[in-house]
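Student: I would like a close look at one part of this model, taken slowly. Please pick a helix and set it against the rest of the chain.

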Amino acid sequence: MMCAPASVPKILLLGKNGQVGWELQRALAPLGTVIALDRHSSEHRGDLSDLAALRTTIARLAPHVIVNAAAYTAVDKAEAEAALADGINHQAVAVMAEEAAKLGALLVHYSTDYVFNGSGSTPWVETDAPAPLSVYGITKLAGEQAIIASGCAHLIFRTSWVYAARGANFAKTMLCLAVEREQLNVINDQIGAPTGAELIADISAHALRATLNNAHLAGVYHLAALGETSWHGYAEFVIAAARGQGIALKTTLINPIPTHQYPTPAARPHNSRLNTAKLHAAFGLTLPHWQAGVAPHETPSNPTQRHYPRRWQWHPLAPRDLGGEQAAHARIR
Ligand SMILES: NC(=O)c1ccc[n+]([C@@H]2O[C@H](COP(=O)([O-])OP(=O)(O)OC[C@H]3O[C@@H](n4cnc5c(N)ncnc54)[C@H](OP(=O)(O)O)[C@@H]3O)[C@@H](O)[C@H]2O)c1
């Protein structure tokens, strides 16, 4: 049973420096008192790999709302680090859920299209049976299941292909490569919707507020921008938009390639389409098309002079550097 929030809810935000976490700091601020932690926070520990410390943090702070934006998102690396990924994406989430249940707090959590196996071409609805293909997907699904089993009030948002102004991601990497390379090979048989962290944070804040006022809104929701594209279509769009703004790019050919020509340690779903009708209906929201968010973010006036970490201005193939879930989907020629 969710407790009625105080007039000013206390909101504990975990993972404050990730793509979504960073935007949540802004979006949650008007809703209450936000205590934002990351893995290095010391007064209150926010390291999800230390389950005892995490439990103590939540019990001491006794928040009305816990928002978990932290996750182990290195999809390929997770294949070799299953225990670590499970600790962060599942066991730590189970601790949050248990503590939320004890406190009567609302737990807001993020999951992924990678809980599905990617078959077919119909957008997935919340009630479709999950069947993850990767360690990452398995651990994210286990996190969802732990929340539901705990009985705590929750909002679980499954999203896809996240990008943000802050942090590394596919679109920024494509722009960097396009400055340097004449040809790019990009996967064209994985279909989904690039979704901005800003949008995710704004929708989360709206839904959180609505759910504090109406506990029946709690549940699992798909949260992704409208429309669909492939990684290849996404790359073409970003590069064309940049060129349209007068940015000089070397790339003249963006070749579509099938996934099997670009093997990665973790298998990824071909069909990452998420049906967002439930979110629209429950919260009275209209989500924008994916192109609306991507263009202004990813076409800075000069991509070679952005204030991005130097390492991924040139290093295209390290999965973590490419932005968490979005491991290498492009091969350089
Ligand atoms: N990125 C995507 O394309 C995508 C797609 C679908 C769903 N999602 C889900 O959306 C949510 C937000 O993803 P995102 O893109 O914002 O991910 P992100 O940018 O990779 O951020 C994840 C954050 O979690 C933190 N973290 C990792 N291990 C931690 C630990 N042991 N203790 C505390 N914090 C830890 C990271 O901290 P450090 O910076 O210190 O490592 C980072 O700030 C996640 O639940 C993810 O599974 C993401």
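Tutor: What follows starts with one helix and then moves out to the core, a strand pair and a few single residues.

The model is predicted, and the part chosen is helix α8, residues 231-244. Its 14 residues reach 20 Å from the first C-alpha to the last, close to the 20 Å expected at 1.5 Å a residue. The buried residues of α8 are Trp231, His232, Tyr234, Ala235, Val238, Ile239 and Ala242. They cover an arc of only 160° around the axis, which puts them on the same side of α8. Just after the helix comes Gly246, where phi is positive at about 85°.

Within α8, Tyr234 can serve as the example. A residue is buried if 20 or more other C-beta atoms lie within 10 Å of its own; Tyr234 has 27 and is therefore buried. Leaving out residues up to four places away in sequence, Tyr234 touches Phe170, Ala171, Pro194 and Thr229. Of these, Phe170 is 64 residues from Tyr234 in sequence, yet their C-alpha atoms are 8.9 Å apart in space. Contacts over such separations can be set against the whole chain: among contacts between residues at least 6 apart in sequence, 80% join residues at least 24 apart.

The wider setting is a chain of 333 residues, of which 52% are buried, with 10 helices and 13 strands. Its largest nonpolar core has 95 residues, and Leu13 and Leu107 have the most contacts inside it. This core draws at least three residues from each of two domains: domain 1 (10-163 + 194-222) and domain 2 (170-192 + 228-272 + 291-332). In soluble globular proteins, nonpolar side chains tend to be buried together.

Leu13 deserves its own list. Not counting neighbours within four places in sequence, Leu13 is in contact with Gly21, Leu24, Gln25, Leu28, Val34, Ile35, Ala36, Leu37, Val67 and Ala69. As for the strand at residues 10-14, β1, four of its five residues are buried, so β1 is largely enclosed by the rest of the structure. β1 pairs with strand β2 (residues 33-37) in the parallel sense, over five bridges. In that pairing, Leu14 stands opposite Leu37 in β2.

A second helix offers another buried residue to set beside Tyr234. Thr57 lies in helix α2 and is buried, with 25 other C-beta atoms within 10 Å. Beyond residues up to four places away in sequence, Thr57 touches His44, Arg45 and Gly46. The C-alpha atoms of Thr57 and Glu43 are separated by 9.1 Å, and the two residues are 14 apart along the chain.

Two residues other than glycine also have positive phi. Ala62 has phi near 45° and is found in the loop between α2 (51-61) and β3 (65-68). Trp161 also has phi near 45° and lies in the loop between β5 (153-159) and β6 (162-163). Their surroundings can be stated in C-beta counts: Ala62 has 13 other C-beta atoms within 10 Å and is partly exposed, whereas Trp161 has 28 such neighbours inside 10 Å and counts as buried.

To return to the helix: the buried residues of α8 include Tyr234, and they lie on the same side of α8 because their arc around the axis is only 160°.

Definitions and conventions:
Residues are numbered from 1 along each chain as its sequence is written. This is a predicted model: local features need pLDDT of at least 70, side-chain atom pairs count only at pLDDT 80 or more; totals for chains, interfaces and linings use all residues. A nonpolar core is a set of buried Ala, Val, Leu, Ile, Met, Phe, Trp, Tyr and Cys residues joined through C-beta atoms within 7 Å. A residue is buried if 20 or more other C-beta atoms lie within 10 Å of its own, exposed if 12 or fewer, and partly exposed in between; C-beta atoms are placed from the backbone. Domain bounds come from an automatic or database domain assignment. Two residues are in contact if their C-beta atoms, placed from the backbone, lie within 7 Å. The expected span of a helix is 1.5 Å times one less than its number of residues. The arc is that of the directions from the helix axis to the C-beta atoms. Two strands pair if DSSP finds at least two bridges between them.
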